[in-house]
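The following exercises are to be worked through with the sequence and the 3D structure at hand. Each task is followed by a solution in steps.

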Amino acid sequence: MLTRLITRRPYSSFIPFLCVILAETCNEILDYLAYGWRPTDTYFDIANTLFWPLMISLAERVKPVSKRNNI
């Protein structure tokens, strides 16, 4: 959400989602340096972290355009 506010791009632009991917990549690199390679933990972390931001981005892309003058 912070990236969305800073860049002023809509969620449908996938820029906020790419920032989530970058943050998760950095997190997994730090986990690897601290704990070593744990594939099961890594895959679940990635899936859990990326699921809802991806759903929000996709929902924003496929939602119908609302009418402004719907009286």
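**Exercise 1. The overall fold**

Of the contacts in the protein with a separation of 6 or more, 51% are between residues 24 or more positions apart, where contact means heavy atoms within 4.5 Å. The model is predicted, so that local features need pLDDT of at least 70 and side-chain atom pairs count only at pLDDT 80 or more, while totals for chains, interfaces and linings use all residues. Residues are numbered from 1 along each chain as its sequence is written, and side-chain values use heavy atoms, with hydrogens and water left out.

Task: State how many helices and strands the protein has, and what percentage of its residues is buried.

Solution.
- Step 1. Identify the elements: helices (H or I, at least four residues) and strands (E, at least two) are DSSP runs, numbered from the N terminus.
- Step 2. Count them: there are 3 helices and 0 strands, and the pattern along the sequence is α-α-α.
- Step 3. Apply the burial cut-offs: buried means under 20% relative accessible area, exposed over 50%, and partly exposed in between (1.4 Å probe, protein chains only). Of the 71 residues in the protein, 11% are buried.

**Exercise 2. The salt bridge**

Task: Find which side chains meet in a salt bridge, and state how exposed R38 and D41 are.

Solution.
- Step 1. Set the criterion: a salt bridge is a side-chain nitrogen of Lys or Arg within 4 Å of a carboxyl oxygen of Asp or Glu.
- Step 2. Search the whole structure: 1 salt bridge is found. The side chains of R38 and D41 form this pair, at 3.1 Å from N to O.
- Step 3. Check the accessibility: R38 has a relative accessible area of 39% and is partly exposed. D41, at 29%, also counts as partly exposed.

**Exercise 3. Acidic residues in helix α2**

Task: Determine which side chain of opposite charge is nearest to E28, and which is nearest to D31.

Solution.
- Step 1. Assign the charges: Lys and Arg count as positive and Asp and Glu as negative, whereas His and the chain ends are not counted.
- Step 2. Locate the residues: E28 lies in helix α2, and D31 lies in helix α2.
- Step 3. Examine E28: this residue is buried and has no salt bridge, and the nearest side chain of opposite charge is R38, 7.6 Å away. Apart from neighbours within four places in sequence, E28 is in contact with T42, D45 and I46.
- Step 4. Examine D31: this residue is buried without a salt bridge, and R38, 5.8 Å away, is the nearest side chain of opposite charge. Beyond its neighbours within four places in sequence, D31 is in contact with G36 and D45.
- Step 5. Follow the contact to T42: this residue lies in helix α3 and is buried, with a relative accessible area of 11%. Residues up to four places away set aside, T42 touches E28 and W37. T42 and I29 are 13 residues apart in sequence, with C-alpha atoms 9.9 Å apart.

**Exercise 4. The largest pocket**

Task: Describe which residues line the largest pocket, and which element gives the largest share.

Solution.
- Step 1. Recall the principle: rolling a probe the size of a water molecule over the atoms shows where empty space is left.
- Step 2. Define the pocket: on a 1 Å grid over the protein atoms alone, a pocket is an open set of points where a 1.4 Å probe fits, with protein on both sides within 12 Å along at least five of seven lines, and lining residues have an atom within 4 Å of a point.
- Step 3. List the lining: the residues are M1, L2, T3, Y11, P16, F17, C19, V20, P53, I56 and S57. The elements that give two or more residues are α1 (2-7), α2 (15-35) and α3 (39-62). The largest share, 4 residues, comes from α2.
- Step 4. Look at two lining residues: the C-alpha atoms of I56 and Y11 are 7.2 Å apart, although their positions lie 45 residues apart in sequence numbering.- Step 5. Add the exposure of I56: at 43% relative accessibility, I56 counts as partly exposed.
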